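Please work through the following exercises with the structure open beside you, and try each task yourself before you read its solution.

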There are 2 protein chains.
Amino acid sequence: MNASIASDGSPRPPAPPTPEALGAGAVTVDPAHPSGPAEQVRSQLAALIQGGVLAANAKLPTVRQLAGDLRLAAGTVAKAYRELEAAGLVRTGRAAGTRVNPGQGLAAPARAEALVFARAARAAGLNLEQAQALLAVGWDRTAS
Amino acid sequence: MNASIASDGSPRPPAPPTPEALGAGAVTVDPAHPSGPAEQVRSQLAALIQGGVLAANAKLPTVRQLAGDLRLAAGTVAKAYRELEAAGLVRTGRAAGTRVNPGQGLAAPARAEALVFARAARAAGLNLEQAQALLAVGWDRTAS
DNA sequence: CATCTTGTATCACTCTATTGACACAAGGTG
DNA sequence: CACCTTGTGTCAATAGAGTGATACAAGATG
């Protein structure tokens, strides 16, 4: 669609998710996942932040809001937020809520390379877990 | 090194790990990891199999051997092996032990793409968790 | 066939994560 | 300043994963 092409020909990134959108599907919790709920929330939010989807100073939903949306205890979401803050990805404040810290998106060339690999893996019929397995093996292989 | 270059100029893959090597470092368990020990063993072995590092019919260490090497309970390794078998990656047999099923390595072009991305991510100064985060975001983005 | 190998099953216990509810305290707003 | 917003802390209970040891049973080997 031309509507998704900027004037310089590069594709427009999708609009960043609102706080409501995070609990409405952008972040999900699968009870069958090997990691627990807190870790699933943490890692998905971290990915959105580092991948540039959640921009600097973007507001995250309140602990209670996200917990309600994801059907989790508030303390569980609070744990995920605490860990994001400990990692420097967000800052939290009473009354002010939680916001993304500036400068947490990773370098754009690496993000573009991730897209290339994701497309190739999909084209080869892999699922995400398999793609991640290949990355892990490739990571070991490129250690030297 | 020329010794690692095949006669057609392509790099030689490293030798596949022996059963002993799996418990001696090729597979590791980090108690601080968000996933539990069984899942860490399962996912690392799955990656080695799908990444072609463990070849068809390669023998895995016995449950007791790997458990001892990784300082886990045997039942925990047995759980990982059961899940690998349920996924069709391995076959287990009393007395015969556990072997990799043929045909479980994923397509070589996708593996090569994973290497390219791993190198690019390392060159950008990312760690593996960050690279996996970018892959997850890229995966969502290429869903259409 | 006898013996050995090795995965599977079982057990009581320990540990950890999560839960739902409530209270407190730090900030923000009008 | 009063009131509201929102993260943090606490609690007892629950659920699930892992533990180490043991026994059983299915296969493999000589």
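The exercises below concern a predicted model, and each task is followed by a solution in steps.

**Exercise 1. The surface near DNA strand D**

Task: Find which residues come nearest to DNA strand D, and describe the surface to which they belong.

Solution: Begin with the residues around DNA strand D, of which there are 20; the nearest are A:V63, A:R64, A:R94, B:T76 and B:R94. Next, look at the DNA side, where sugar and phosphate account for 67% of the atoms of DNA strand D that come within 4 Å of the protein. Then ask which elements each supply at least two residues of this surface: in chain A they are α3 (63-70), β2 (90-93) and β3 (97-100), and in chain B they are α2 (37-50) and α4 (74-86). Sorted by class, the surface near DNA strand D has eight nonpolar, seven polar and five charged residues.

Finally, examine individual atom pairs. A polar side-chain atom of A:R94 lies 3.0 Å from a base nitrogen of DNA strand D, whereas the side chain of B:K79 has an N or O atom that is 3.1 Å from a phosphate oxygen of this strand. With B:A73 the backbone takes part, since one of its N or O atoms lies 3.3 Å from a phosphate oxygen of DNA strand D.

**Exercise 2. The surface near DNA strand C**

Task: Repeat the analysis for DNA strand C, and state which residues come nearest to it.

Solution: Around DNA strand C there are 20 residues, and those that come nearest are A:T76, A:R94, B:V63, B:R64 and B:R94. Of the atoms of DNA strand C that come within 4 Å of the protein, 66% belong to sugar and phosphate. The elements that each supply at least two residues of the surface are α2 and α4 of chain A, together with α3 (63-70), β2 and β3 of chain B. By class, the residues of this surface divide into eight nonpolar, seven polar and five charged.

Turning to atom pairs, an N or O atom in the side chain of B:R64 is 3.0 Å from a base oxygen of DNA strand C. A backbone N or O atom of B:V63 lies 2.9 Å from a phosphate oxygen of DNA strand C, and an N or O atom in the side chain of A:K79 is 3.3 Å from a phosphate oxygen of this strand.

**Exercise 3. The buried face of a helix**

Task: Identify the buried residues of α3(A), and work out where they lie around the helix.

Solution: The buried residues of α3(A) are A:L66, A:A67 and A:L70. Seen down the axis of α3(A), these buried residues fall within an arc of 100 degrees, so they line one face of the helix. As a general point, an α-helix has 3.6 residues a turn, so residues three or four places apart point the same way. The buried residues of α3(A) are covered by elements including α1 (19-26), α2 (37-50) and α4 (74-86) of chain A. After the helix comes A:R71, whose phi is positive, near 60 degrees.

**Exercise 4. Strands and a hairpin**

Task: Give the strand order of the open sheet in chain A, and then describe the hairpin of β2(B) and β3(B).

Solution: In chain A, the open sheet has three strands in the order β1-β3-β2, with antiparallel pairing. Its edge strands are β1 (59-60) and β2, each of which pairs on one side only. Two bridges join β1(A) to β3(A), and A:K59 stands opposite A:R99 in β3(A).

In chain B, the antiparallel strands β2 (residues 90-93) and β3 (residues 97-100) are joined by four bridges, with B:G93 opposite B:G97. Three residues lie between the strands of this hairpin, where B:A95 takes a positive phi near 70 degrees.

**Exercise 5. A threonine and its surroundings**

Task: Is A:T142 buried or exposed, and which residues does A:T142 touch?

Solution: First locate A:T142, which is in the segment after α6 (128-141) of chain A. Its relative accessible area is 9%, and because buried means under 20%, A:T142 is buried. Leaving out residues up to four places away in sequence, A:T142 touches B:L115, B:A118, B:R119 and B:R122. The side chain of A:T142 also makes a polar contact with the side chain of B:R122, at 3.0 Å, and a polar atom of the A:T142 side chain lies 2.9 Å from the backbone oxygen of A:G138.

Definitions and conventions
Residues are numbered from 1 along each chain as its sequence is written. Chains are lettered from A and ligands numbered from 1 in the order in which they are written. This is a predicted model: local features need pLDDT of at least 70, side-chain atom pairs count only at pLDDT 80 or more; totals for chains, interfaces and linings use all residues. Side-chain values use heavy atoms; hydrogens and water are left out. Two strands pair if DSSP finds at least two bridges between them. A residue is near a molecule or strand if one of its heavy atoms lies within 4 Å of it. A polar contact is a pair of N or O atoms within 3.5 Å; within protein, one must be able to donate a hydrogen and the other to accept it, and residues adjacent in sequence count only if both atoms are side-chain atoms. Ala, Val, Leu, Ile, Met, Phe, Trp, Tyr, Cys and Pro count as nonpolar, Asp, Glu, Lys and Arg as charged, and the others, Gly among them, as polar. Buried means under 20% relative accessible area, exposed over 50%, partly exposed in between (1.4 Å probe, protein chains only). The arc is that of the directions from the helix axis to the C-beta atoms. Contact means heavy atoms within 4.5 Å.
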